[in-house]
Amino acid sequence: MRLLDHEHTGRAHQLDAGLRMRPESVDASLPARRQLALQVMLVEDSHIISDLISENLARIPKLTLLGIAETESEALTMLHAQPCDVLILDIQLRQGNGINLLRVLSGDATYANTIKIVLSNHVSGTYRRICEQYGVQFFFDKTSEFPQLQLLLSRLSESGIDG
Amino acid sequence: MVTDNSAPGRSGSWLEGLSRVRDGRLGTFPRHYRLGALAGALSALLLVNWLLYAGASRGLYPDAALVPLLTLANCALVLLFILGATRLIDREYKGRLQNATDLSEAMSLLSAVSDNTADPIFVSSREGLLVFANPAALEMLGKPREEAMHRPLRELFSAVGDVSQSGAEDSRVMQENISVTVEHSVELPQGVRTYATTKSPWLGPNGKVLGVINISTDISRRKEAEDTLRARESRLEETISRRTATLRRLADHLETVREEEKRAIARELHDDMGASLTSLSMHMEGAYPLLPSDAQWTERKAKIQNLLRSLVMTTRRIQTELRPTMLDLFGIKAAIHELTDDFKQSTNIACEVNLPDEDVAIGHKLEITVYRMLQEMLNNVVKHAQATQVDVILDVDEDQVALTVRDNGVGIPPERRDVPGTYGLRGLQERAAFLGGTVSITPGRSGGTVVSVRLPLTNDHVNPVSL
């Protein structure tokens, strides 16, 4: 699991497995900022891609990338520690998979309002159908549709998830 | 073993001769012949006496000559009769003598034959008592002649460990007047011997059954050879089945290794090449706005995008062909859906899928097997069936998983259905056989073909391959 600063920094000090989330004391102004910013969590097992995503998301104002999980269990731990507004997840992970994660979340009312976005290279109709069954609102092809995801997140961060 | 011999036994003719000797009837004249001869002699006497009296009464000669004439004539007649009778007696005597010689020759020939043959020959009476046995038969019974004769056969055979001679076969032979062959073994000091004994009815001169004639052949060697051959055959079969099992295990091992390798390559494609391509695309998305906006670069941009898209599609296709990620992630049901969706798209053949409602948990190995089998079956439909509609049915119960693919195509001609390798089903059959399952190919009710694979859910007999 990689924990991020409230803003989109690199991954240098993000790999503290014992630490669930960044301690609140580090930045006293954070709670206030979180009220405004779109809280995003990423589940992606490839460093190259998660780096790129976090780099690109950094350009979106009023968006906070809370953390990056690389496996299903990491993602669950991270989500239990702190809910998010938007969950971006890949289907195939190093351990477990995105759909299992969605299955678990779909049975938990805490995550009912979380926007679930799948960003994956598995884009067949069957995957889309299964994801839809588990409450995924958006499905993007990781290779060709990332700009669309960026657009969506910009819009959400502007208008808020209810907007 | 009991064999009915078609022709009723007639081999008792020399024994019939024996029985005639016993009755004392050989060479005797018939009674009516003797009475006729006596009557003829008396009639001749009467006729001669009457003729002489008649001659005297007609005065052909004086009365005084009558008595001497009568005496002379009668004496001559009696002499003639005596001569005739003597000749007859002599002839009969000679006949008897000849018959006795013939009989003695026949007897000595028979006894030479029966004494010198290695085949046991023995005869039992209607009551089942031994009435004749040649030396070979006595050897088979393990008793000297005086101890064996006129003893029940059943008892004699029981004494040498053969309880099969219950007499039932003898009764059948006598009642039905047939000849049968039975196989039986006796335990002698020199070892167990097996005989094939032909039992035939012993018929008297009037066709009455007097007993049973048994002629045995020692088939111990043949039996041993048969047993050896049978043992060799069963060893051979065992070896073949063991080797077949080894080959199947080897094939299974290779299949598993192949699947693992394919899975590893697919994983690498996804993790390495897929991720690189994705990140390359993302980088390019960031770079496109920086490109000059002239026509040349617009065209280049389109080309780069097309190249990237085609590269991504190829990578994904190879990855899915190598290992259906859907199967690993969501199990067989989702994988079948994905496979049939692709099938519909690429072939334009309508495909109906019928899967169990509940989750299917049959283990990874069976899942990949079922998946590969379905791929093979659908390939066959495309290649051979000329179908427009395919139904895929998966049934899972406690004991087995059944996968059926039904098409409405041209069907398989019956003569080709059982030919190995037909319809590309060889691999299916081999794979199913290894897993203890079966493949059936039947014509559909309204044409087409139904291919059904059944695999047991418990594969206790599947052992790891030993190379």
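In strand 11 of chain B, which residue is the bridge partner of B:Thr438? It is B:Arg454.

Before the rest, some housekeeping. This is a predicted model, where local features need pLDDT of at least 70, side-chain atom pairs count only at pLDDT 80 or more, and totals for chains, interfaces and linings use all residues. Residues are numbered from 1 along each chain as its sequence is written, and chains are lettered from A and ligands numbered from 1 in the order in which they are written. Helices (H or I, at least four residues) and strands (E, at least two) are DSSP runs, numbered from the N terminus.

Now the sheet. In chain B, five strands make an open sheet, ordered 7-8-9-11-10, with mixed pairing; two strands pair if DSSP finds at least two bridges between them. Strand 7 (350–354) and strand 10 (438–443) of chain B are the edges, each pairing on one side only. Strand 10 of chain B runs antiparallel to strand 11 (residues 449–456) of chain B, and six bridges join them.

Next, helix 10 of chain B. Helix 10 has 23 residues, yet its end C-alpha atoms are only 22 Å apart, against the 33 Å of a straight helix at 1.5 Å a residue; that expected span is 1.5 Å times one less than the number of residues. Helix 10 of chain B bends by about 140 degrees at B:Gly331, the bend being the angle between axes fitted to the seven residues ending there and the seven starting there. Just after this helix, B:Asn348 has a positive phi of about 65 degrees.
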